[in-house]
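Subject: Structure for you to look at, with notes

Dear colleague,

I am handing over the structure we spoke about, with the sequence alongside, and my notes follow below it. Please read them with the model open.

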Amino acid sequence: SALTSNDNVALYLSTSPKAVCFLAFSGSDDNADWLSDALAVPHGTFCGRDGYHLGFAREIGRIMENKQLFQQIRQHWTKCDTLYVVGNSLGGAIASMVAECINCQ
């Protein structure tokens, strides 16, 4: 099954005996995403820390504005035996930052 948003994020949950989950972020697919890619200055803030790629930090903030979706995702990922955070292109950068944040909390 999957929890998704219309803005490039989904949590996929397996139905196997061990719950394997994938939190997936899509890559650059519109002009706003390409602008986010281009803001390559280390002035972004994410997960209570400074020094991130500004465009990537802003993109994560924009995606996470859907607080209801992220509460649902967070509730479901606690059921996961294994959680993979994945993405492609812009989504790969976001996935790396989100994985770091999850592992630091």
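To begin with a question of place, in which loop does Cys47 lie? Before I answer, please keep in mind that this is a predicted model. Cys47 belongs to the loop that runs between strand E4 (44-46) and E5, and its phi is near 60°, which is a positive value in a residue other than glycine. With a relative accessible area of 26%, Cys47 is partly exposed. A second residue of this kind is Ser89, whose phi is near 60° and therefore positive although the residue is not glycine. Ser89 sits in the loop between strand E6 (82-87) and H4, and at 44% relative accessibility Ser89 counts as partly exposed.

**Salt bridges**

A search of the whole structure gives two salt bridges. Side chains of opposite charge can pair when their charged atoms come close. In one of the two, Arg49 is paired with Glu100, and the closest N and O atoms are 3.4 Å apart. Arg49 lies in strand E5 (residues 49-52) and Glu100 in helix H4, so this pair ties together parts of the chain that are 51 residues apart in sequence. Arg49 is partly exposed, with a relative accessible area of 35%, and Glu100 is likewise partly exposed, at 34%.

The other salt bridge joins Glu59 to Arg62, with 2.5 Å between the closest N and O atoms. Here the two partners are three residues apart in helix H2 (residues 54-63), which means that about one helical turn separates them. Their surroundings are worth checking one by one on your screen: Glu59 is buried, with a relative accessible area of 3%, whereas Arg62 is partly exposed, with a relative accessible area of 33%.

**Helix H3 and the largest pocket**

Which residues of helix H3 (residues 67-77) are buried? They are Leu69, Phe70, Ile73 and Trp77. Seen down the axis of H3, these buried residues fall within an arc of 90°, so they line one face of the helix. On the other side of H3, Lys67, Gln68 and Gln75 are exposed. Gln72 also lies in helix H3, and with a relative accessible area of 33% Gln72 is partly exposed.

The largest pocket has a volume of about 370 Å³, and its lining is made up of 14 residues, of which Met64, Phe70, Arg74, Trp77 and Cys101 lie nearest the centre. The elements that give two or more residues to this lining are H3 and helix H4 (90-104), and H3 gives the most, with five residues. If you put these notes side by side, Phe70 and Trp77 appear both among the buried residues of H3 and among the residues nearest the centre of the largest pocket.

**A nonpolar patch on the surface**

On the surface, Tyr12, Phe22, Tyr84 and Val86 form a nonpolar patch, and together they have about 360 Å² of accessible area. Of these, Tyr12 is found in strand E2 (residues 9-13), and at 42% relative accessibility Tyr12 counts as partly exposed.

**Some distances across the model**

How far apart in space are Gln72 and Leu11, C-alpha to C-alpha? The distance is 9.6 Å, although the two residues are 61 residues apart in sequence. For Arg62 and Gln72, which are 10 residues apart in sequence, the distance from C-alpha to C-alpha is 17 Å. A further pair that you may like to locate is Gly51 and Ser28, which are 23 residues apart along the chain and whose C-alpha atoms are separated by 22 Å. Gly51 lies in strand E5, and at 46% relative accessibility Gly51 counts as partly exposed.

With best wishes

How values were computed: Residues are numbered from 1 along each chain as its sequence is written. This is a predicted model: local features need pLDDT of at least 70, side-chain atom pairs count only at pLDDT 80 or more; totals for chains, interfaces and linings use all residues. Side-chain values use heavy atoms; hydrogens and water are left out. Buried means under 20% relative accessible area, exposed over 50%, partly exposed in between (1.4 Å probe, protein chains only). Helices (H or I, at least four residues) and strands (E, at least two) are DSSP runs, numbered from the N terminus. The arc is that of the directions from the helix axis to the C-beta atoms. Patches are made of residues with over 30% relative accessible area and no salt bridge: like charges are joined within 9 Å, nonpolar side chains (Val, Leu, Ile, Met, Phe, Trp, Tyr) within 5 Å. Accessible areas come from the Shrake-Rupley method with a 1.4 Å probe; for residues, only the protein chains shown count as cover. A salt bridge is a side-chain nitrogen of Lys or Arg within 4 Å of a carboxyl oxygen of Asp or Glu. On a 1 Å grid over the protein atoms alone, a cavity is a set of points where a 1.4 Å probe fits but cannot get out, and a pocket is an open set with protein on both sides within 12 Å along at least five of seven lines; lining residues have an atom within 4 Å of a point. Grid points are joined across faces, edges and corners, and a volume is the space filled by probe spheres set on the points.
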